[in-house]
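Trainee: Hey, got a minute to walk me through this one? I'm not sure where to begin.

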Amino acid sequence: MPMHEELHEIATAEQERQASVKHCIRVCMAAGCLSQHKDRIKIALQEQVQALGLEHDVEVKGVGCMGLCAIGPLVTVDGDILYEQVTPEDAEDIIKALDKKPVKRLLSSLEIPFFQRQERIVLENSGIVDPESLEDYLAHDGYAALSKALAEMMPGEVTEEITRSGLRGRGGGGYPTGLKWTTVAKAISDTKYVVCNADEGDPGAFMDRSVLESDPHRILEGMAIAGYAVGAQRGYVYVRAEYPLAIERLKNAIRVARRSNLLGPNILGTEFSFDIDIRLGAGAFVCGEETALMASIEGKRGNPRPRPPYPADHGLWGFPTLINNVETYANIAPIIRKGGDWFASIGTEKSKGTKVFALAGQIRNTGLIEVPMGITLREIVEEIGGGTTGEAGFKAVQTGGPSGGCIPGDYIDTPVDYDSLRELGSMMGSGGMIVIDNTSSMVDVAQYFMEFCMSESCGKCIPCRVGTAQMYNLLDRITKGQATTKDLALLEELCDLTANTSLCGLGQSAPNAVVSTLRYFREEYLAKLLDAPVEATAS
Ligand SMILES: Cc1cc2nc3c(=O)[nH]c(=O)nc-3n(C[C@H](O)[C@H](O)[C@H](O)COP(=O)(O)O)c2cc1C
Ligand code: SF4
């Protein structure tokens, strides 16, 4: 029997098994919820099921992130009841309430805008499948895209499909994924590599970690399809060592995929061979920059180098290398399954599909969301996020992490897409979204991000090494009320200089937080100066 059919049979058998179970209880086992009671909620639920002899009727399943981390630990029953802030002590009541009325004191709702306003492609399995079960992934269309690509498509057709989808890189820059794949595919070399960038260094960002923890096979599938399309034999996932749960689940997924002929030699009985290894990063933000990342994989110090040459021509050990972000790979399987046109029908003209954001800051519903491109900031903040906490009111939203900027409340109706955010002086970035209310000083926000860039600068080039430190010192003097208009002018000059002369994206974008807060909140800077204009101090 061809391997493709074998996969189909396993998937069907698992679907039938799941359909035969009367109740499915899903317990969030992502890092956020686990941090409170470890796996004790799942164990307590399983014990109750056993105590009542319900093993054949009730399945208790550990799943990945459900998104609304603010009210975790979360548990769902049969996909339509959501329980919040669950403890192991609640297990008995939850099991006894099956077939009866839900437990009122724990009851939340899946009907709220937080869930209803989202559109899930990348996170379609998060909170649904067991990240440690290949069968569950297969039952949810897992590896169907790889199987389809190998059985029905030539490598060039796969690349064309990705190009048609309009997918752009989710790691920050928004480079067209199809174009990158085509460049690597065209490079002439017997050896090529595929790399998944899971370094995720932005403060507050946890999109990639969550995808790896919740749906690791999805990344392996996306990378294997990429390997087939560009002609690579080997892939690396570069993940920071601070993500132990993501690493453990990824390791498990790789082991199981190898055993099932989904990785390794002659995948699914074809001539395509591809394997994936994990490389751990030590948590340096700069190692997310692609040339630094490659140096780190090669065992060298993670310093960026000038580009060109680009990784597509001259990557790992000098060979053509495809580097994409976790979320980029997470979009690949659905695009191959449903077609590039389907993906291109979601989002805006130049920003297709969806984007995952880690919603944080002074907002009610903190957590992980996935929204169609083109949704407005207002819809995210007010509807999905439930508005700001406290009475102070919405002031700004910071997007794009240390490379991004702050967008003030006046622009809350801006659509979220690559170009609109850039026009406002911020950027999409990898998906950090921090909501700031009127109690916060924007100079403090700028200083926070500058301190981050200063400490994460690798020091290789002077404009960034010295520039970030000088800019930080100037911001420090401004916040302490010790600076003058001359200092502010010097700060602006340094922003310009650092942005234009630094070697890599870290230094080039380090001034963004200052530049964008100066653009929209200049009066806050002026009000702190010793020789501030009278009208500034009055405001
Ligand atoms: C300082 C710095 C840090 C970066 N960190 C990351 C990161 O953590 N994850 C990531 O995917 N891309 C990061 N990038 C962007 C990568 O260099 C690269 O563009 C990206 O991985 C390409 O994947 P994509 O096309 O799928 O977005 C970083 C860039 C810079 C300049
Ligand atoms: S810009 Fe900063 S992080 Fe990048 S190479 Fe120069 S010193 Fe290193």
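Mentor: Sure, and let's start with a term: a residue counts as buried under 20% relative accessible area, exposed over 50%, and partly exposed in between. Keep in mind that this is a predicted model.

Trainee: Okay, so is Asp78 buried, exposed or partly exposed?

Mentor: Asp78 has a relative accessible area of 33%, so it is partly exposed. You'll find Asp78 in the loop between S3 and strand S4 (81–83).

Trainee: What's odd about its phi?

Mentor: Asp78 isn't a glycine, yet its phi is positive, about 55°. Most residues other than glycine have a negative phi. Gln85 also has a positive phi without being a glycine, about 45°, and Gln85 sits in the loop between S4 and helix H4 (91–96).

Trainee: New topic: which residues does a cis peptide bond join?

Mentor: One joins Gly72 and Pro73, with omega about -5°. Another joins Arg307 and Pro308, where omega is about 0°. Pro308 is in the loop between helix H13 (290–297) and strand S8 (321–325).

Trainee: And the largest nonpolar core, which residues touch the most other members there?

Mentor: Tyr143, Trp181 and Phe274, out of 112 residues. Helix H11 (residues 216–230) gives this core its largest share, nine residues. There's also a second, separate core of 22 residues, with Ile41 and Leu245 among them.

Trainee: Last one: which residues come nearest to ligand 2?

Mentor: Cys458, Lys460, Cys461, Cys464 and Cys504, of the 13 residues around ligand 2. By class, that shell has eight nonpolar, four polar and one charged residues. The space ligand 2 takes up is the largest cavity.

Note on methods:
Residues numbered from 1 in each chain as written. Chains lettered and ligands numbered in written order. Predicted model: local features only at pLDDT ≥ 70, side-chain atom pairs only at ≥ 80, totals over all residues. Heavy atoms only, no water. Near = heavy atom within 4 Å. 1 Å grid on protein atoms, 1.4 Å probe; cavity = no way out; pocket = protein on both sides within 12 Å on 5 of 7 lines; lining within 4 Å. Sits in = over half its atoms within 2 Å of the grid points. Nonpolar A, V, L, I, M, F, W, Y, C, P; charged D, E, K, R; others polar. Core = buried A, V, L, I, M, F, W, Y, C linked by side-chain atoms within 4.5 Å. Buried < 20%, exposed > 50% of the residue type's maximum accessible area, 1.4 Å probe, protein only. Helix = DSSP H or I, 4+ residues; strand = E, 2+ residues; numbered from the N terminus.
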